[in-house]
Amino acid sequence: MVRINDILDTIVEYNVDADLHLVERAYIYSAQVHDGHMRLSGEPYLSHPLAVAFILAKMKLDVESIAAGLLHDVVEDTHATKEDIENLFGHNIAHIVEGVTKLSKLTFSDKVYRQAESLRKMILAMADDIRVVLIKLADRLHNMRTLNYQKPDRQKAIARETLDIYAPIAARLGIFWLKQELEDVSFFYSMPEEYKAIDILVNKARDEKEAYVKEVMEKLNEKLAAEGIEADVKGRFKQHYSIYHKMLSQNLEFNQVYDLIAFRIILDKRAQCYEVMGIIHNMWKPIHYKFKDYIGVPKQNGYQSLHTTVIGPHGERVEIQLRTLDMDEVAESGIAAHWSYKEGAAIDEQTGKTFAWLRNLVDNQKELTDPDEFLENVRIDLYPDEIYVFTPDGEIKTLPKGATPVDFAYMIHTAVGDQCVGAKVNGRMVSLNHKLETGNIVSIITAKDHHPTPDWLNFVVTVKARSKIKHWINAQEKERSISLGKEMCEKLFRKKGYNFNAMVKAGELDAIAELFSFKVVDDLIAHVGFGKITPLQLFHRAVPDAEKDKEEDTGDKLSSILGKLIGRKKRRKKNEGVVVKGLDDILVKFSKCCNPLPGDDIIGFITQGQGVTIHRKGCLNTLQMPPERKIDVEWSDSYAESYPARIRIRATDRTSLLADVASTISKVKANIINAQTETSEFGAVKSYFTVSVSSIEQLEKVMSELRKVKNINDVKRIDTSE
């Protein structure tokens, strides 16, 4: 367990003038309010804030950050309030603690909504004070280090969230040592079989490569010494998750990952980086398309380095990074290297510009109310593999890799994006879905009467473009839904002997809209058109004294009305497996893009003429659907006997491999619906199977058993698009 003296000694090493009394007071207060609280490990709860504060001290942060680290859980887990913290420790520390505090004290019916709101709050706070996210990352790092005390299902959920959100945030802030530890620990818990397989392969490769690493380092040191250049040469092995991600994203086998080892050369001056790169290119033949100059064009998080890959000794590829000592500190510590530990010092203007993406991230999320969409868009914002393009005036713009002229247009201005009808790249007309590349000069052609179209969602990659296009489409959907809702209400009210339009004009429905949590009556009527509220529900609220028809108030009536909207064609079979909450007799279809299985988290979408389509939560196709058409669904207690699921198997070829695969699937009582397989000239086998299973548990059993088959390297569930 970390002691307070360990933290104080670490602070003094980099800031002899630090206000240690502030840290000591925070420690004493945290110890008092956490007294008697225990962690799952059996240690006193105080061990956690001490560990978090120690991580922050190792990052050389200011004493306000470290004090806030000691206090980061007191508002959430004890009787302490934000006002108490502000009175005792000042506004800055109270603001940081408030930003880090999760919303667990609030009551949310949906776990995803709670997670989204907690993340939204953290992002808003860290845009004002970056220290919020640094403390949150330190908090998550210690929790990951002690994840073994959680139950297996919690381990997987926390690890998955860390991979999706927190590791990318660390990468965007440039804190790569933290990113790598978060990724590897998350990989270990979320995909244990895959981690074990990579670990075995890496350890085997490490034994074989140690002599090679030594040989390359000796040759580099000898050559640099002969040229009179002082340098620090280091060699390192690629982390487990990085190897796995590269194999997955580039469809590679382990023996095709050539950059298992990377060498880093630390120099005194910037000019020496280019000089030494020339020396290396004279020693070994460079691979031209593998050269990247992040010194001339730094990454958005401030990362600077020269990257080159050469054909080294014995014909093996060698990746080499060249940077100065200052660049290396930024590469390892990111924004923490920029952050001044001096009391009261603000982050400098240049660094503020470097991390302006935070403000953009906040701005992009302002209009999002759907938690699933918010979380997905945050993930998109956190994986920005950038390109650099120019306006006709020579102004540089940074966009994610794969960005199109429409993404560029929305970056310039929303009106430019909405009215975009064409684009020129380097003076040549291109299609709107053309993928831009670094160095392109882009000009946008607009027309005042033009509007976005839904097909744009198929190729735009920036959150801003996607959000603005959806906003326009949703506005059109809302207009149609208001018209349909009015028509439905007019018919029902007329049948009951009331004039719906007259009641709206008289303001009699204003209070009813408030009861349904809408600001205006049009929003209430739109939800009738979307099928979320029935005209009968609205009538009973508006005219509570009218005779109520109990039969009409049942799910059968609701489904009948909704059926008019979505074009019901047949009754849902009792064993179809999914219940549309509050409704019955609704046509339910399972999407073929993601093939949901019992046990998956699912979401339903009302479609025109096709009933309710069921998707797995997180399915990419759902991002293109208006959130107003989303409807809550759940698996019923009794469901169909089997559902299709698609898996991909990577293996090394051998005799009877396919026979063993088929036999294994059969033993788990699953049926093969379809199979495709291909074998490369190097003996790498890639197979796709569609299997019929009863639930996610059976599919996981199939995959688990397949991983035990000799020569199989990887088994993964995939969507139809993969």
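Start by selecting Gln304, in the loop between strand 4 (292-293) and strand 5 (306-311). This is a predicted model, so every stop on the tour is a place in a prediction. Now show what surrounds the residue: setting aside neighbours within four places in sequence, Gln304 is in contact with Arg270, Tyr294, Ile295, Pro298, Arg323 and Met327. One of these, Ile295, deserves a closer look, as the side chain of Gln304 reaches its backbone oxygen at 3.2 Å.

**Next, select Gln272**

Here is another glutamine, this time in helix 14 (residues 270-283). Is Gln272 buried or exposed? Its relative accessible area is 17%, and because buried means under 20%, Gln272 counts as buried. Turn on the side chain and look towards Lys269: the backbone nitrogen of Lys269 lies 3.0 Å from a polar atom of the Gln272 side chain. Beyond the neighbours within four places in sequence, Gln272 is in contact with Ile229 and Leu267.

**Zoom out for a moment**

Colour the whole chain by secondary structure and you can look for 29 helices and 21 strands. The chain has 722 residues, and 51% of them count as buried. Take the contacts in the chain with a separation of 6 or more: residues 24 or more positions apart account for 67% of them.

**Select helix 4, then Val97**

Choose residues 63-71, which make up helix 4. Eight of its nine residues are buried, so this helix is mostly covered. The buried ones are Val63, Ser65, Ile66, Ala67, Ala68, Gly69, Leu70 and Leu71.

Keep helix 4 on screen and add Val97, which is found in helix 7 (residues 91-100). Val97 has a relative accessibility of 2% and counts as buried. Which residues does Val97 touch, not counting those up to four places away in sequence? They are Ala68, Leu71, His72 and Val75. Two names in that answer should be familiar, since Ala68 and Leu71 are also among the buried residues of helix 4. For a distance to try in your viewer, pick the C-alpha atoms of Val97 and Val74: these residues are 23 apart along the chain, and the two atoms are separated by 8.5 Å.

**Follow helix 10 into helix 11**

Select residues 152-172 to bring up helix 10, with its 21 residues. At 1.5 Å a residue, helix 10 should span 30 Å, and its end C-alpha atoms are 29 Å apart, which agrees. Where does helix 10 bend? Look at Thr162, where the bend is about 45°. Of the 21 residues of helix 10, 15 are buried, so the helix is largely enclosed by the rest of the structure.

Step just past the end of helix 10 and click on Gly174, which takes a positive phi of about 80°.

Then move on to residues 176-190, which form helix 11. This helix has 15 residues and reaches 20 Å from its first C-alpha to its last, close to the 21 Å expected at 1.5 Å a residue. Helix 11 is mostly covered, with eleven of its 15 residues buried. Including Phe176, Leu182, Phe187 and Tyr189, the buried set also holds residues such as Lys179, Glu183 and Asp184.

**Two asparagines to check**

Most residues other than glycine have a negative phi. With that in mind, select Asn426, in the loop between strand 9 (420-425) and strand 10 (428-430). Asn426 has a positive phi of about 55° although it is not a glycine. Its relative accessible area is 49%, and Asn426 is partly exposed.

Now jump to Asn711, in the loop between helix 29 (696-707) and strand 21 (712-717). What is the phi of Asn711? It is near 80°, a positive value in a residue other than glycine. Asn711 is partly exposed, with a relative accessible area of 25%.

**Last stop: the largest cavity**

A search of the whole structure finds two cavities of 30 Å³ or more. The largest has a volume of about 50 Å³. To see its lining, select Ile649, Ala651, Leu657, Leu658, Val661, Val685, Ser687, Phe689 and Ile712. Which elements give two or more residues to this lining? They are strand 18 (643-652), helix 28 (657-667) and strand 20 (684-693). Show those three elements as ribbons and the lining residues as sticks, and you can look at the cavity and its surroundings together.

Key:
Residues numbered from 1 in each chain as written. Predicted model: local features only at pLDDT ≥ 70, side-chain atom pairs only at ≥ 80, totals over all residues. Heavy atoms only, no water. Helix = DSSP H or I, 4+ residues; strand = E, 2+ residues; numbered from the N terminus. Buried < 20%, exposed > 50% of the residue type's maximum accessible area, 1.4 Å probe, protein only. Polar contact = N/O pair within 3.5 Å; in protein donor to acceptor, adjacent residues only side chain to side chain. Contact = heavy atoms within 4.5 Å. Expected span 1.5 Å × (residues − 1). Bend = angle between axes of the 7 residues up to and from the residue. 1 Å grid on protein atoms, 1.4 Å probe; cavity = no way out; pocket = protein on both sides within 12 Å on 5 of 7 lines; lining within 4 Å. Points joined across faces, edges and corners; volume = space filled by probe spheres on them.
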